[in-house]
Amino acid sequence: MDRKSNGVRVGTVVALGLLGAVVGAASRPHLDVAAQVSVKLSEWNVGLSQASIAAGPVTFVITNAGSIPHGFEVEGQGIEKEIETIQPGASDTLTLTLKAGSYEVYCPVGADSHKKLGMDTHLKVVSATSPAPSGYGASEMSESHMKTERVQAIRVTGGGPVIQILPGPFPFPDSAAPILKAFGDEREGLESQVKNGPYSNNVVRSSGTFAFTAWDKGAVRDSVDGVAEFATQDGARWKLVLDRVQTKDVPHHPRFGGVIMGLYYHGVTQVHTPLVPTINSAVALWAVGHLYKNDVLVTDNAQVHVMLLSRTRRDSDFALTCWDCSKNKIEELQLQILPGPGEPKFDAPGGFLFVNWEKSSSRTPAS
């Protein structure tokens, strides 16, 4: 064997080995350089630019593209880190070192109420040698596979005294004042409700029945089925037939899409209208229904808000008795009925219907 030739061959092998090491090093990201994931927050969604990333340092670049404050939290594999609040239009960053595994990424605002409204997704962290898909579409696609369909149902029956709430002054103007300062174009409308709105102590006794079943089906269409019949202060007889859940999100009015179980909101929670005491609810939903007055159809597009919530009114005169009612017993069934968009106000005080069943109950239906 020719030593010179062999020497060239050995030298070539060594050089190629060194070159391969250099090229390999250049192709791999430095371990101390954080990968970047862009996050877009909105009502009610968390969008990630990547559904899966390699283990190691990760910087989340978070933008609040919504119209109300949101937060950002990463939880999993022994980690739970958050940015408590990001104002609308603002951005922030959070850098973490993540090991392989699955992480929940969500908005923690309102004791996780924003999370329950849909601001919840997952991030998969894989070993550095595994491929990682990218793009907001990949995140959404991964989420659809990672989340299993979970159906929840609740049967609610109205009970106890029935009251009709009439327009009047809001009883907690001092408590609401600092919250109202945070609102822009909506502030004027909210302040007018403080002077003469639907959240008042102007209450009269009424009578009636209300029972419904609601289904929370996750990504599948939620649904509701129920009937309310009640009398108002003028002696009129009303009947409401609920047959579908509405899906449009309208922050602060308060309106959201779908059926939500176990929601903590209103008041200071940064979830929907601040002109209601802070409450916990067993179920809350916005629906569309057929409304009849004295057996005559008024509209088949009534906008209906229903909550089975923690008690807000006292037994004696049914006045609002707490600004933070979230720890009270959940038994107050609230029914608000408004005209559909572009429709005239109802022939009732204030043009709306607001009825409470004060000692109500719920159960999980058999099927």
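**Exercise 1. The cores**

Task: Find which residues touch the most other members in the largest nonpolar core.

Solution. Step 1: the largest nonpolar core has 36 residues, and Val-39, Phe-60, Ile-62, Phe-72, Leu-98 and Leu-123 touch the most other members. A nonpolar core is a set of buried Ala, Val, Leu, Ile, Met, Phe, Trp, Tyr and Cys residues joined through side-chain atoms within 4.5 Å. Buried means under 20% relative accessible area, exposed means over 50%, and partly exposed lies in between (1.4 Å probe, protein chains only).

Step 2: apart from this core lies another, of 32 residues, including Phe-212, Met-261, Leu-308 and Ile-337.

Step 3: now take Leu-98. Leaving aside neighbours within four places in sequence, Leu-98 is in contact (heavy atoms within 4.5 Å) with Ile-53, Ala-55, Gly-56, Val-58, Phe-60, Ile-79, Tyr-103, Leu-123 and Val-125.

A note on the model: it is predicted, so local features need pLDDT of at least 70 and side-chain atom pairs count only at pLDDT 80 or more, while totals for chains, interfaces and linings use all residues. Residues are numbered from 1 along each chain as its sequence is written, and side-chain values use heavy atoms, with hydrogens and water left out.

**Exercise 2. An open sheet**

Task: Give the strand order of the open sheet of 4 strands, and name its edge strands.

Solution. Step 1: the order is E2-E1-E4-E7, with mixed pairing. Strands (E, at least two residues) and helices (H or I, at least four) are DSSP runs, numbered from the N terminus. Two strands pair if DSSP finds at least two bridges between them.

Step 2: the edges are E2 (45–48) and E7 (91–98), each pairing on one side only.

Step 3: neighbouring strands here are turned by 25 degrees against each other on average, direction ignored. Axes are lines fitted to C-alpha atoms, for helices over the stretch in contact, and angles run from 0 to 180 degrees between N-to-C directions.

Step 4: look at one pair. E1 (residues 35–42) and E4 (residues 56–64) run parallel, with 7 bridges. Ser-38 has Val-61 of E4 as its bridge partner.

**Exercise 3. A hairpin**

Task: Describe how E5 joins E6, and which residue of the hairpin takes a positive phi.

Solution. Step 1: E5 (residues 70–76) and E6 (residues 79–86) are antiparallel and share 6 bridges. Val-74 is matched with Lys-81 of E6 in one bridge.

Step 2: the hairpin has 2 residues between the strands, and Gln-77 takes a positive phi near 55 degrees.

**Exercise 4. Unusual backbone**

Task: Find where the peptide bond from Glu-43 to Trp-44 stands, cis or trans, and place Asp-295 and Phe-318 as buried or exposed.

Solution. Step 1: recall the background. Most residues other than glycine have a negative phi, and most peptide bonds are trans.

Step 2: the bond from Glu-43 to Trp-44 is cis, with omega near -10 degrees. Trp-44 sits in the loop between E1 and E2.

Step 3: Asp-295 has a positive phi of about 70 degrees. Asp-295 lies in the loop between E16 (279–293) and E17 (296–310). Its relative accessibility is 63%, so Asp-295 counts as exposed.

Step 4: Phe-318 has a positive phi too, near 60 degrees. Phe-318 lies in the loop between E17 and E18 (330–338). With a relative accessible area of 5%, Phe-318 is buried.

**Exercise 5. The disulfide**

Task: Work out which handedness the disulfide of Cys-322 and Cys-325 has, and why.

Solution. Step 1: a disulfide is a pair of cysteine sulfur atoms within 2.5 Å. By this rule the count is 1 disulfide.

Step 2: the sulfur atoms of Cys-322 and Cys-325 are 1.9 Å apart.

Step 3: the torsion about their S-S bond is about 115 degrees, so the disulfide is right-handed.

Step 4: Cys-322 is buried at 13% relative accessible area. Cys-325 is buried at 0%.

**Exercise 6. Two residues in strands**

Task: Say how Gln-152 and Asn-356 are placed, buried or partly exposed, and list their contacts.

Solution. Step 1: Gln-152 is in E10 (residues 152–157). Its relative accessibility is 30%, so Gln-152 counts as partly exposed.

Step 2: beyond four places in sequence, Gln-152 is in contact with Ala-214, Trp-215, Asp-216 and Met-261. Gln-152 and Lys-217 are 65 residues apart in sequence, yet 6.5 Å apart in space, C-alpha to C-alpha.

Step 3: Asn-356 is in E19 (residues 353–357). At 0% relative accessibility, Asn-356 counts as buried.

Step 4: beyond four places in sequence, the contacts of Asn-356 include Pro-161, Arg-313, Glu-332 and Leu-335. Its side chain makes a polar contact with the side chain of Glu-332, at 3.3 Å. A polar contact is a pair of N or O atoms within 3.5 Å; within protein, one must be able to donate a hydrogen and the other to accept it, and residues adjacent in sequence count only if both atoms are side-chain atoms.
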